Amino acid sequence: MNIEHLRNVIYRKKQFDENVDNEITRSLEESFRVDYFLYIVDQAIFSLQNRFEQFEVYENIFGFLFSGKKLRSLDDENLKKYCLNLECSLKHNTHSDIDGLDLFSELKVLRKIIKVEDNTLIEILNQIKRLDSFPNAYIAYRIMLTIPVTVATVERSFSKLKIIKSYLRSTMSQERLSGLAILSIEKELLEEIDYTKIINNFASQKARKIDLK
């Protein structure tokens, strides 16, 4: 798009109690920069920061399992610390998917028998499965390989934004646009909502009761 053609001036209609009849607000170029370009850049930066933060958390929890070389490089003290930390991360209330001390014992043996050529996580997991003697290690590697570490929220937001804010809706406010975007993105949750119950609750709270006696 050639921005040079968007230098027409926008005039804002004044209310009856304002003194100035017309006021120059922003050019179309400035409106495009503020309402679209800066918004997209801000969302892209936020998405990248969010992903790097997720990768950092993911590495702090599962980093010691990333490769056989990494596993063999740890001494027993650090290995035990990482195993107990993983147990805490996978714990919900009193239930945990693994036992940290048992995992520590299994990995001490496992790192000695893992083949040097088995460098990828899938190859390590397949070898653990073939050995069928390391239940906690098998669970830990399966969880690590199935945790989603990417977020598609921003990508979905951009794709929905094109549908929601069309040419005919170009004057839509940011608050309404955000609300419609959330409704569109979370369509599955929206379909589970009982609108009748919400309307009745709202009506009961806002109803004006008039005593005719």
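At what angle do helix α4 (residues 100-113) and helix α6 (residues 135-146) pack? In this predicted model, the angle between α4 and α6 is about 90°, and their axes lie 8 Å apart. Because angles of 65 to 115 degrees count as roughly perpendicular, α4 is roughly perpendicular to α6. On the α4 side, the contact uses D102, L103, E106, L107 and L110, while α6 brings P135, N136, A137 and A140. Sorted by character, the residues of this contact are 6 nonpolar, 1 polar and 2 charged.

**The overall picture**

Let's step back to the whole chain. The protein has 10 helices and 4 strands. Starting at the N terminus, the order of elements is β-β-α-α-α-β-β-α-α-α-α-α-α-α. Of its 213 residues, 23% are buried. Taking contacts between residues at least 6 apart in sequence, 49% link residues at least 24 apart.

**A second helix pair**

Now look at α1 and α3. Their axes come within 8 Å and cross at roughly 125°, so α1 and α3 are oblique to each other. N60, I61 and F62 of α1 meet N85, L86 and S89 of α3. Here the contact residues divide into 3 nonpolar, 3 polar and no charged.

The table sets out the two helix pairs.

| Helix pair | Angle | Axis separation |
|---|---|---|
| α4 and α6 | about 90° | 8 Å |
| α1 and α3 | roughly 125° | within 8 Å |

**The nonpolar core**

Which residues touch the most other members of the largest nonpolar core? In this core of 27 residues, they are F62, F64, L65, L86, L107 and Y141. The elements that supply two or more residues to the core are α1 (28-62), α3 (76-89), α4, α5 (121-131) and α6. Among these, α6 gives the most, with 5 residues.

Some of these names have already come up. L107 is part of the contact of α4 with α6, and F62 and L86 take part in the contact of α1 with α3. L65 is a good residue to click on next: setting aside neighbours within four places in sequence, L65 is in contact with L71, L86, L107, L121, A140, Y141 and M144.

**A serine in a strand**

S96 belongs to strand β4 (residues 95-96). Is S96 buried or exposed? Its relative accessibility is 16%, so S96 counts as buried; the cut-off for buried is under 20%. The S96 side chain reaches two backbone oxygens: that of E87 at 3.3 Å and that of I98 at 2.9 Å. When residues up to four places away in sequence are left out, S96 touches E87, L90 and K91. E87 therefore appears in both views, as a partner of the S96 side chain and among the residues that S96 touches, while α3, the helix spanning 76-89, is one of the elements feeding the core.

**An isoleucine in a loop**

Finally, have a look at I147, in the loop between α6 and α7 (153-164). With 32% relative accessibility, I147 counts as partly exposed. I147 and Y58 are 89 residues apart in sequence, and their C-alpha atoms are 9.0 Å apart in space. Leaving out neighbours within four places in sequence, I147 is in contact with Y58 and F62. F62 links this loop residue back to the core, as one of the residues that touch the most other core members.

Note on methods. Residues are numbered from 1 along each chain as its sequence is written. This is a predicted model: local features need pLDDT of at least 70, side-chain atom pairs count only at pLDDT 80 or more; totals for chains, interfaces and linings use all residues. Side-chain values use heavy atoms; hydrogens and water are left out. Axes are lines fitted to C-alpha atoms, for helices over the stretch in contact, and angles run from 0 to 180 degrees between N-to-C directions. Angles under 35 degrees count as roughly parallel, over 145 as roughly antiparallel, 65 to 115 as roughly perpendicular and the rest as oblique. Contact means heavy atoms within 4.5 Å. Ala, Val, Leu, Ile, Met, Phe, Trp, Tyr, Cys and Pro count as nonpolar, Asp, Glu, Lys and Arg as charged, and the others, Gly among them, as polar. Buried means under 20% relative accessible area, exposed over 50%, partly exposed in between (1.4 Å probe, protein chains only). A polar contact is a pair of N or O atoms within 3.5 Å; within protein, one must be able to donate a hydrogen and the other to accept it, and residues adjacent in sequence count only if both atoms are side-chain atoms. A nonpolar core is a set of buried Ala, Val, Leu, Ile, Met, Phe, Trp, Tyr and Cys residues joined through side-chain atoms within 4.5 Å.
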